[in-house]
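User: I would like to go through the metal site and the internal cavities of this model. Please keep the answers short.

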Amino acid sequence: MNYPSPVQLFNTLTRTLQPFRTIRENEVGLYACGPTVYDYAHIGNLRTYLFVDVLTRVLRLNGYQVKHVMNITDVGHLVSDDDSGEDKMEKGARKQGKSAWEIARYFEQVFFTDLHQLNIDLPSQVCRATEHIEEQIAFVRELQEKGFTYRTSDGIYFDTEKLANYGELAKLDKKGLASGIRVEMAEKKLPTDFALWKFSGEQQRQMEWPSPWGIGFPGWHIECSAMAEKYLGKRFDIHVGGEDHIPIHHTNEIAQCEAKNGHIQANFWLHGYFLQLSNEKISKSGTSMRLESLLQQSYTPLAYRYLTLTAHYRSHLNFTWQGLSGAQTALNRMRRRLADLPEGGQVDAAFRERFIVLVNRDLNMPQALALAWQVFDSDISLEDKRATLLYFDRVFGLQLERNEEIIVPAQVQVLADKRLALKQQGRYQEADKLRDEIVALGYQVNDVGNHTTTLQRR
Ligand code: AMP
Ligand code: ZN
């Protein structure tokens, strides 16, 4: 098939929308930073993996084979990204009264269950930091041989002074940093220097390994560089993660690869913007919300997937229950309308072209969703509508053919019960206020006499 437009992606390195070209023909090497498995993933983390999933689906739609590698951070990510504080795994283990190994495997498994529920395709290669210690040590040793490291009493550090273009990704101002932001310096020479290997020292650690420098554990950034190189080579096409990775994690990955290999590690660097709760950041340690929390309110996982498609990956998305309820209503409606369409049609060429133009332009999913609604209302044949929408769904991943019973969210049911009770007590004004709230959540209230209320999607 001839593609009406090439894939264009916004590259954080250049801050521009660039035509996507691969190193090897028709094959994409993609590395996605994976979860730190000391706690449950929150719906913000999951937004980033949904973005990566849409990216791989769009690339595959364009005929690329995608080699997608994702790590599991099961050691070495310290409480603060600037190498200070405790290892999140050890801290999480203490908090939960289990071993660091136990919680690592448990939260990893829950994470994959979440991905499955969200219909996220599994990466072709998943790799754990703890199973690649040798590769990380070899990486650090090479940096040491090339003169990019120094030793302090608590570890081996990367000397950012030695790399002229350090911090290009984040447009970091090294001088400004030196005098400005608060970074735990300890014996670091520059605030931007970062740990490659940390010594266990006096601490009682559960996860530690011998190394040429002493017993300890790898720094967080080195795991991604070492594993990416092992599975994708010294140079590959795309590296992705959340926006928080720009100033530290990805900046440091770029630095250590450039120091070791003499060139940039990946050609494209893509970043998913954060999901926020009432305009606050969501974090595992602070305000948190899991996929499970949404299911408990009777929303389906794919309603959350739909919600994330309504915002571009490069804009913040503010999570509200009302927004999720709207997404659930829209998804149910889309499935119901699709169920009424007969099989046997063909993908409509004009709609396919418009769809590809949208998704290929830096994954414009909000407009691609809007186009799907236009297909329903268009004058193409019913059979072709179905075929066209199922073609779109290869990227949406909404399982539009799935026929799920429409569940009334618990939140709506509670409001309806309260309203009925108020009505029975003759408190009509208060009851009407609750009716308005229910309507705002996307439901219509039908009274059957004075004793029963039924709820229906609007
Ligand atoms: P972590 O488990 O903390 O290593 O994070 C896993 C992924 O989630 C990383 O790519 C982060 O950049 C990303 N992430 C963290 N918080 C959010 C958020 N609120 N919204 C979207 N992505 C996030
Ligand atoms: Zn990473």
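**Zinc site and cavities**

Analyst: In this predicted model, the zinc ion (ligand 2) has three protein donors, Cys33 (SG), Cys224 (SG) and His249 (NE2), at 2.0 to 2.2 Å.

User: How are the donor residues of the zinc ion (ligand 2) spaced in sequence?

Analyst: Cys33 lies in the loop between strand E3 (27–32) and helix H1 (43–61), while His249 belongs to helix H7 (residues 246–261). These two are 216 residues apart, so the pair links distant parts of the chain. Written out for the donors of the zinc ion (ligand 2), the spacing is C-x190-C-x24-H.

User: Is Cys33 buried or exposed?

Analyst: Buried means under 20% relative accessible area. Cys33 has a value of 6%, and His249, at 1%, also counts as buried. Cys33 is therefore buried.

User: Which element gives the most to the lining of the largest cavity?

Analyst: The largest cavity holds about 150 Å³ of space. Among its 14 lining residues, the closest to the centre are Leu50, Phe51, Thr308, Ala311 and Tyr313. H1 and helix H9 (301–309) each supply at least two residues of this lining. With five residues, the element that gives the most is H1.

User: How many nonpolar residues are in the lining of the second largest cavity?

Analyst: The second largest cavity has about 50 Å³ of space. Its lining includes Ala32, Tyr49, His68 and Asp121, and the elements giving two or more residues are H1 and strand E4 (65–72). One lining residue is polar and one is charged, and the number of nonpolar residues is seven.

Methods. Residues numbered from 1 in each chain as written. Chains lettered and ligands numbered in written order. Predicted model: local features only at pLDDT ≥ 70, side-chain atom pairs only at ≥ 80, totals over all residues. Heavy atoms only, no water. Donors = N, O, S within 2.8 Å, 3.2 Å for Na, K, Ca; no water. Helix = DSSP H or I, 4+ residues; strand = E, 2+ residues; numbered from the N terminus. Buried < 20%, exposed > 50% of the residue type's maximum accessible area, 1.4 Å probe, protein only. 1 Å grid on protein atoms, 1.4 Å probe; cavity = no way out; pocket = protein on both sides within 12 Å on 5 of 7 lines; lining within 4 Å. Points joined across faces, edges and corners; volume = space filled by probe spheres on them. Nonpolar A, V, L, I, M, F, W, Y, C, P; charged D, E, K, R; others polar.
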